[in-house]
Amino acid sequence: MELKHLMLRLGIVLLSIQIFSSCKTISVFDQYAYTQSTALKVDALSLMDNATTGFTANTTEIEDFNLKIQKVYEYEKHRPKNEITVKLWDIIMNPDKNLLGGFLARWKQNNTLGKTFINEAKIQVGEAFDIIVELESQKIKASNESVSNFLSNNK
Amino acid sequence: MRQAIDFTNILDQLKTDIADLAKTTMKGYINDAKKDAQQFLLNMKDKLKRWTELLAKGDLTTDEFVWLLSSQKDLVEMSALKHAGVAAIRIDQFKSSLLNLIVDTVFDIVKV
């Protein structure tokens with residue numbers, strides 16, 4: 001293929017990427033957000049196991065966890081076109097709903113919770129985290145797919 | 001002298017290819033959403049059965065049972081949001097494929 005032709009095609013592909021990135025409907029995949037969400041799921045489920053013991057005896061662990069989740073929430077809030085993921089975090093964290101926030105509120109109110117209830121609640125909270133992780137993993141990877149395609153088509 | 005560009009040919013080719021692309025994108029999304037919804041319902045049915053049995057045995061209190069039912073309602077809300085997100089991802093993928101398609105079609109016909 002002629003160099004001139006190749007350069008022109010590359011120019012158009014790059015312009016297309018520019019146009020595409022400026023009119024996206026939803027945020028692209030973010031490795032940090034993905035890793036943090038999966039790590040928080042493990043931490044959350046582990047913390048929930050402690051609810052057979054008194055809430056006050058676990059204050060340090062609960063505060064540490066809340067700080068971690070707040071940091072991730074702030075990160076998600078400031079990603080462009082990320083409203084859906086933020087809404088998902090709002091539901092998980094809301095103490096008036098019945099997922100992680102609601103579980104922690106119930107633990108605080110009752111001081112300890114039953115093992116069977118904890119196990120069932122963990123399934124629900126685990127699924128809630130999975131929804132966030134699955135959505136993130138389906139997002140388009142910002143690895144300039146078009147450039148990769150262009151390069152592989154013009155070897 | 002350079003040959004004139006046949007825009008009618010380009011547009012005809014694009015019309016066919018874009019229709020095919022839209023069909024493939026939508027079909028993939030609908031199939032995935034259907035599978036996901038069916039799995040969710042199946043999963044919900046199993047949980048309802050288990051919670052009812054645990055309630056009957058006294059392993060769960062009525063209050064805990066109601067809490068778990070409400071948590072399922074929250075999961076339904078989250079699942080609906082996820083589907084809205086996946087639909088938005090498909091739209092972006094379609095837009096990206098559309099741009100590639102236009103570039104490829106134009107260059108195939110014009111042969112710069």
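In this structure, A:K141 lies over the face of A:F29, at 4.7 Å from the ring centre. The model is predicted. A second charged residue is placed in a like way: A:R106 sits over the face of A:F117, and 5.0 Å separates it from the ring centre. A:F117 also belongs to a group of rings, described below.

**Aromatic pairs**

Over all chains, the structure holds seven aromatic pairs. One of them joins A:Y32 and A:Y75: their ring centres are 4.7 Å apart and their planes stand at 65°, so the pair is edge-to-face, the class for planes over 60 degrees apart. This pair links distant parts of the chain, with A:Y32 in helix α2 (residues 31–49) of chain A and A:Y75 in helix α3 of chain A, 43 residues apart. Are these two tyrosines buried or exposed? A:Y32 has a relative accessible area of 44% and is therefore partly exposed. A:Y75, with a relative accessible area of 32%, is partly exposed as well.

Another pair is formed by A:W89 and A:F129. The centres of these rings are 5.7 Å apart and the planes are at 80°, so this pair is edge-to-face too. Because A:W89 lies in helix α4 of chain A and A:F129 in helix α6 of chain A, the pair ties together parts that are 40 residues apart in sequence. Both A:W89 and A:F129 are buried.

Ring pairs also build a cluster, which consists of A:F55, A:F103, A:W107, A:F117 and B:W67. The cluster thus has members from chain A and a member from chain B, namely B:W67. A:F117 is the ring that has A:R106 over its face.

**Positive phi angles in loops**

Two residues of chain A that are not glycine have a positive phi, A:K81 and A:N111. The table gives their angles, loops and accessibility.

| Residue | Phi | Loop in chain A | Relative accessible area |
|---|---|---|---|
| A:K81 | about 55° | between α3 (59–77) and α4 (83–93) | 43% |
| A:N111 | near 70° | between α5 (100–110) and α6 (115–138) | 34% |

A:K81 counts as partly exposed because its relative accessible area of 43% falls between the limits of 20% for buried and 50% for exposed. A:N111, at 34%, is partly exposed for that reason also. The loop that holds A:K81 leads to α4, the helix in which A:W89 lies. The loop that holds A:N111 leads to α6, the helix of A:F129.

**The contact between chain A and chain B**

How many residues does each chain bring to the contact? Chain A gives 39 residues and chain B gives 38 residues. About 3800 Å² of area is buried between the two chains, and carbon and sulfur atoms account for 64% of that area.

Between chain A and chain B there are six salt bridges. One of them is the bridge in which the side chains of B:D74 and A:K97 meet, at 3.8 Å from N to O. The count of residue pairs in polar contact between the chains, both at pLDDT 80 or more, is 15.

On the side of chain A that touches chain B, the elements that give two or more residues are α1 (3–22), α4, α5, α6 and α7 (145–153) of chain A. Which element gives the largest share of that side? The largest share comes from α6(A), with 13 residues.

Key: Residues numbered from 1 in each chain as written. Chains lettered and ligands numbered in written order. Heavy atoms only, no water. Helix = DSSP H or I, 4+ residues; strand = E, 2+ residues; numbered from the N terminus. Buried < 20%, exposed > 50% of the residue type's maximum accessible area, 1.4 Å probe, protein only. Phe/Tyr/Trp six-rings, centres within 6.5 Å; stacked < 30°, edge-to-face > 60°. Lys NZ or Arg CZ within 6 Å of the ring centre and 35° of its normal. Contact = heavy atoms within 4.5 Å. Buried area = accessible area lost by both parts, 1.4 Å probe. Salt bridge = Lys/Arg side-chain N within 4 Å of Asp/Glu carboxyl O. Polar contact = N/O pair within 3.5 Å; in protein donor to acceptor, adjacent residues only side chain to side chain.
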